[in-house]
Amino acid sequence: MSKPFYITTAIDYVNGQPHLGHAYEKIITDVISRARRSFGQEVFYLTGLDEHGQKVQQAAQADGKTPQDYCDGLAADWQAFAQKLELTNNDFVRTTSTRHKQFVQAILTKLQIAGEFYQKTYEGFYSAKEETFLTEKDRHPDGTFDTSYGEVVKIQENNYWFKLKAHQRWLIDYIESNPSFVQPDYRRNEVLGFLKNNELEDLCISRPLARLNWGIPLPFDKDYVTYVWFDALVNYITVPANMGDKTLLALFPNLQPSTSQLQPALWPADIHVIGKDILKFHAVYWPIMLKAMGLPLPKQILVHGWWQKDGSKMSKSTGNVVDPVAIINKWGVDAFRFYVVRELAIGPDGNWTDSGFKSRYSAELANGLGNLVNRALSMLKRYRNGIVPARHDELAPDAAKVVAATQALLQESDLQGALQSIWQLVNRANQYVDQTKPFSLAKDPAQSQRLDEVLYNLVESCRVLAILLCPFIPGTATKIYTQLALTGLPDKFSAATWGGLQAGQTIGDPAPLFPRKDV
Ligand code: MSP
């Protein structure tokens, strides 16, 4: 059996409620997952929560809770959020789970024995907000640090350090000879620029208990917990190991997977989907950690941009946020999923405006897709009692072109491009209604044959569209299938071949897919 396609998202800090940025990343990963499944590939989609570290400890304190109680409460909200977005994740990892903590400790033990760590006392600037040491390079000319680091304090501390420096050369070579490893290209160039122009600093992988206790204890020194990023990155292999992934268990034979049946390998991941702010962790630290463990690297790190609202950074304190749940409750989950994928390609930054959302809803969903499906099905009902006429292939070449282009774009994870491609068929079919004027044909008995042809082309286009749209807006795609009275789900790409609707079939009742709202 071939290896399942393994795709992950960043795991979110559990120190507040999810917002648009978190939702976006999880949705694009879901669309890629659903598309691959539709192609017949087995997919494993992993998402979850990053629960350790100072930020969470402080948030729990402010809330008057123990960190674990605080995390448990919020984890329930985040899992409910994943359902609200209709994600098809196969597991949800929490870094406070036993399986994860044990695995992080097994890795630390292995790397400690291999001599990858050393202890040293370091004096320097520390940002608690970013949980990281800062260097002179991070300072503005006037000696201050960027406000994004929050309060920066000078500390002197003894810690464990991971020998990153030694890995610089091969990593540059690897990224240079594997162009698809970091995508888009400008993000890859950013990593290469960083690696070529800076000497890598070793990475501090511990925090003294005296300063931070909300972390995974170092297995070889009880006075320390693990640096939250070292802990968090491991989530990507925790779950495969727990499932009995052979590649991982060969390296960590003492681990007890949750199953006695060894699974075909999941690792290496096919795609890690992340935001641009955490590129260094994924394209520098993580490959080096894996190399030190003797594990293969992920095949791709796919980096998306950041959303702003109305041209400025989203921020709870100024109230400048987009609440995905409120949008979904008002407009439906598919309208939200559609908008974020259609509006923003994976790469650049995006900007949410309420007016932009409403105008895509009304132009593309209500008037474009919704109107097409409603007109096609209503006319078939009215003029032919809902019975599908004989097959006719006038729009077949247009559909075939769109199907092939969409498949190629989905293979490349170009989701925005795929939606643009699908809308070529939506627009073509709407234009076809205007050109052929079935409502006029219906008035002329001599045009009965022509009306049959036109109606077949329209309803068959709707069926094909349901399949193409299923990864993006699965609820709507299913509604189209139900209205066509088709059994099963529109979740197999191979069914998008023209001619699926059989003459003589009776369709169901049309109902608006995207009711017009008072905007
Ligand atoms: N916990 C770390 C990730 C560890 S992965 C091993 C973290 N968490 S986070 O909650 O701050 O961010 C989670 C993801 O959401 C990141 O990929 C981040 O880029 C993304 N986003 C957070 N805000 C965002 C926007 N405003 N827009 C788009 N994505 C953004 O970093």
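In this predicted model, the helices (H or I, at least four residues) and strands (E, at least two) are DSSP runs that are numbered from the N terminus.

**Exercise 1. Cis prolines**

Locate the peptide bond from Trp-267 to Pro-268, state whether it is cis or trans, and say where Pro-268 lies relative to α9 and β13.

Solution. Begin with the omega angle, which is near 5 degrees for the peptide bond from Trp-267 to Pro-268, and this bond is cis. Next, place the proline in the chain: Pro-268 sits in the loop between α9 and β13. Thr-259 is likewise found in the loop between α9 (246–251) and β13, and with a relative accessible area of 23% Thr-259 is partly exposed. Then turn to Gln-183 and Pro-184, which are joined by a cis peptide bond whose omega is about -5 degrees. Pro-184 belongs to the loop between β8 (182–183) and α6 (185–197).

**Exercise 2. Positive phi outside glycine**

For Glu-131, find the value of phi, and decide whether the residue is buried or exposed.

Solution. The phi angle of Glu-131 is near 50 degrees, which is a positive value in a residue other than glycine. As for its position, Glu-131 lies in the loop between β5 (117–127) and β6 (132–134). To classify the residue, recall that buried means under 20% relative accessible area; Glu-131 has 2% and is therefore buried. Lys-437 can be treated in the same manner: this residue is not a glycine, yet it has a positive phi of about 50 degrees. Lys-437 is placed in the loop between α15 and α16 (438–441), and its relative accessible area of 41% makes it partly exposed.

**Exercise 3. Reading salt bridges**

Examine the salt bridge between Asp-173 and Arg-169, and work out how the two residues are placed in helix α5.

Solution. Start from the distance, which is 2.9 Å from N to O between the side chains of Asp-173 and Arg-169, and compare it with the cut-off of 4 Å that the rule for a salt bridge sets. Now consider the helix: Asp-173 and Arg-169 are four residues apart in helix α5 (residues 168–177), so about one helical turn separates them. Asp-173 is partly exposed at 38% relative accessibility, whereas Arg-169 is exposed at 52%.

A further pair is Lys-222 and Asp-223, whose closest N and O atoms are 3.6 Å apart in a salt bridge. Lys-222 is exposed, at 69% relative accessibility, and Asp-223 is partly exposed, at 43%.

Asp-434 and Arg-375 also form a salt bridge through their side chains, at 3.6 Å from N to O. Because Asp-434 lies in helix α15 (residues 415–436) and Arg-375 in helix α13 (residues 354–384), this pair ties together parts that are 59 residues apart in sequence. Asp-434 is partly exposed, having a relative accessible area of 45%.

To finish, Arg-342, Glu-343, Arg-360 and Glu-364 are linked in a network of salt bridges, and the count of salt bridges comes to 30.

**Exercise 4. The surroundings of the ligand**

Describe the shell of residues around the ligand, and establish how much of the ligand's accessible area the protein covers.

Solution. First count the shell: 24 residues surround the ligand, and the closest are Ile-11, Glu-25, Asp-50, Asp-277 and Trp-307. Sorted by class, the shell has 12 nonpolar, eight polar and four charged residues. Then look at individual contacts, among them one in which a backbone N or O atom of Ile-11 lies 2.8 Å from a nitrogen atom of the ligand. A polar backbone atom of Tyr-13 is 3.1 Å from an oxygen atom of the ligand, and a polar side-chain atom of Asp-277 is 2.5 Å from an oxygen atom of the ligand. On its own the ligand has 650 Å² of accessible area, of which the protein covers 94%. The elements giving two or more residues to this shell are β2 (12–13), α1 (20–38), α7 (228–233), α8 (235–242) and β13 (271–275).

**Exercise 5. A buried threonine**

Determine which strand holds Thr-226, and identify the backbone oxygen that lies 2.7 Å from a polar atom of its side chain.

Solution. Thr-226 is in strand β12 (residues 221–226), and its relative accessibility of 2% classes it as buried. The oxygen in question is the backbone oxygen of Ile-216, at 2.7 Å from a polar side-chain atom of Thr-226.

Definitions and conventions: Residues numbered from 1 in each chain as written. Predicted model: local features only at pLDDT ≥ 70, side-chain atom pairs only at ≥ 80, totals over all residues. Heavy atoms only, no water. Buried < 20%, exposed > 50% of the residue type's maximum accessible area, 1.4 Å probe, protein only. Near = heavy atom within 4 Å. Polar contact = N/O pair within 3.5 Å; in protein donor to acceptor, adjacent residues only side chain to side chain. Areas by Shrake-Rupley, 256 points an atom, 1.4 Å probe, with all protein chains shown as cover. Nonpolar A, V, L, I, M, F, W, Y, C, P; charged D, E, K, R; others polar.
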